[in-house]
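Colleague: I am new to this structure and would like a close look at one part. Please take the ligand sites and the strands around them, and build the picture piece by piece.

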Amino acid sequence: MLLAVDCGNTNTVFSIWDGERFIGTWRTATEWQRTADQYYVWLSTLMRLQGIEADITDVIISSTVPRVVFNLRVLSDRYFNTRPLVVGKPDCLLPVDVRVDEGTAVGPDRLVNTVAGFDHYGGNLIMVDFGTATTFDVVADDGAYIGGVIAPGVNLSLEALHQAAAALPHVDISKPQAVIGTNTVACMQSGVFWGYVGLVREICTRIKAEHGVPMKIISTGGLAPLFQQSAQLFDAFEDDLTMHGLQIIHKYNKENGL
Ligand SMILES: Nc1ncnc2c1ncn2[C@@H]1O[C@H](COP(=O)(O)OP(=O)(O)OP(=O)(O)O)[C@@H](O)[C@H]1O
Ligand SMILES: CC(C)(CO)[C@@H](O)C(=O)NCCC(=O)O
Ligand SMILES: [K+]
């Protein structure tokens, strides 16, 4: 069985693929100090609690945080006796092209989104991922990653207001009742929520104009549904896109790798 690990700047998700479907998914905060032993105790406890018996033979990792990869590699070597595939490393093949400026290290999460999106929907896509940052990944007709946009994440934007302004509290995102806020929290939520609706719409409109052919907009990440409720921003929402992409990349390497 395959253990797929998606490590973002905020959260790390572990998921087990049994060859046909994902049989368990667990989320933890990303902390580079966590050791292989700590990962294993955590993972094996959760698996046991859910009665999941998995013989993990393969591991694939996508990490936007370079320093966590070391301990995840140790986890893979020590406990599963296998060398992990790490997306973005030269020995991990991708089923799609990456056409960007030379020397650009594209975030592995964006490459994985591209692969998953192309597999689900074919080419000419805008993949919008609401994570720590909000990223827009442009997928060409042939499935290639050809660039995109990086914007500050929703929670990051709210947190930045709180950090920088003494009188602004910590606030969670939600859809405000009105645009005109009549208290501080409502004003902040309105700024970020409606500002974000505008950001997504404007960026997608401009990408479509620049790309010049009809495109589908696919969203992923926990906050996508919140935005979709208020404005038809996306053609579709996929909540397990990264795991799907990791599984496809793993399969591709099994079939085409050394
Ligand atoms: N209504 C909501 N308000 C605040 N947060 C939410 C809401 N709905 C979902 N979330 C959060 O959205 C996040 C979605 O996870 P996702 O994996 O897309 O990004 P992340 O883990 O925050 O970022 P990264 O992948 O960069 O680490 C989760 O942390 C989840 O708690
Ligand atoms: C933009 C983030 C932080 C989004 O997770 C990640 O994809 C990343 O660190 N990217 C590296 C730079 C790039 O993608 O061009
Ligand atoms: K993510």
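Modeller: One cut-off comes ahead of the rest. A residue is buried if 20 or more other C-beta atoms lie within 10 Å of its own, exposed if 12 or fewer, and partly exposed in between. Keep in mind that this is a predicted model.

Start with Asp129. An unreviewed UniProt entry places the feature "binding site" at this residue. Asp129 sits in strand E6, residues 125-130. Is Asp129 buried or exposed? It has 28 other C-beta atoms within 10 Å, so Asp129 is buried.

Asp129 has company in the record. For "binding site", the unreviewed UniProt entry lists Asp6, Cys7, Gly8, Asn9, Thr10, Asn11, Thr12, Val13 and Thr132. These positions span 127 residues in sequence, yet no two of their C-alpha atoms are more than 13.9 Å apart, so they gather at one spot.

Pick out Asn11 from that list. Asn11 belongs to strand E2, residues 11-17. It has 14 C-beta neighbours inside 10 Å, so Asn11 counts as partly exposed. Asn11 is also one of the closest residues to ligand 1.

Now ligand 1 itself. A shell of 13 residues surrounds it, and the closest are Gly8, Asn11, Gly131, Gly221 and Gly222. By class, that shell holds 4 nonpolar, 8 polar and 1 charged residue. Both domain 1 (2-86) and domain 2 (108-244) contribute, with at least three residues each.

Turn to ligand 2. Here 13 residues form the surroundings, and Thr64, Val106, Gly107, Ala133 and Ile150 are the closest. The shell around ligand 2 has 3 nonpolar, 8 polar and 2 charged residues. At least three of its residues come from domain 1 and at least three from domain 2. Helix H3 (108-121) gives at least two residues to this shell, and so does strand E7 (133-139).

Next, the strands on the domain 1 side. Strand E1 covers residues 2-7. E1 and E2 form a hairpin with 3 residues between them. They run antiparallel and are joined by 6 bridges. Asp6 has Val13 in E2 as its bridge partner. Both of these residues are in the UniProt list for "binding site".

How enclosed is E2? Of its 7 residues, 5 are buried, so E2 is largely enclosed by the rest of the structure. E2 also pairs with strand E3 (residues 22-29), antiparallel, over 7 bridges. Ser15 has Thr25 in E3 as its bridge partner. The hairpin of E2 and E3 has 4 residues between the strands, and Gly19 there takes a positive phi near 110°.

E1 has another partner, E4. These two pair in the parallel sense over 6 bridges. Strand E4 spans residues 58-63, and 5 of its 6 residues are buried, so E4 is largely enclosed by the rest of the structure. Ile61 in E4 is a good anchor for the eye. It is the bridge partner of Val5, and it stands opposite Val86 in E5. E5 (residues 85-86) runs parallel to E4, with 2 bridges between them. Helix H2 (residues 69-80) completes the picture: E4, H2 and E5 make a right-handed β-α-β unit. In the loop between H2 and E5 lies Asn81. Asn81 has a positive phi of about 55° although it is not a glycine. With 10 C-beta neighbours inside 10 Å, Asn81 counts as exposed.

Finally, the sheet that holds Asp129's strand. It is an open sheet of 5 strands in the order E8-E7-E6-E9-E10, with mixed pairing. Which strands form its edges? Strand E8 (145-152) and strand E10 (236-237) do, each pairing on one side only. E7 and E8 pair in the antiparallel sense over 6 bridges. Thr135 has Ile150 in E8 as its bridge partner, and Ile150 is among the closest residues to ligand 2. The loop between H3 and E6 includes Asn124. Asn124 is not a glycine, yet has a positive phi of about 60°. It is partly exposed, with 19 other C-beta atoms within 10 Å.

Technical notes: Residues are numbered from 1 along each chain as its sequence is written. Chains are lettered from A and ligands numbered from 1 in the order in which they are written. This is a predicted model: local features need pLDDT of at least 70, side-chain atom pairs count only at pLDDT 80 or more; totals for chains, interfaces and linings use all residues. Two strands pair if DSSP finds at least two bridges between them. A crossover is right-handed if, with the strands pointing away from the viewer, the path from the first strand over the helix to the second runs clockwise. A residue is near a molecule or strand if its C-beta atom, placed from the backbone, lies within 6 Å of it. Ala, Val, Leu, Ile, Met, Phe, Trp, Tyr, Cys and Pro count as nonpolar, Asp, Glu, Lys and Arg as charged, and the others, Gly among them, as polar. Domain bounds come from an automatic or database domain assignment. UniProt positions are given in the numbering used here, feature names are shortened, and annotations may be inferred rather than shown by experiment.
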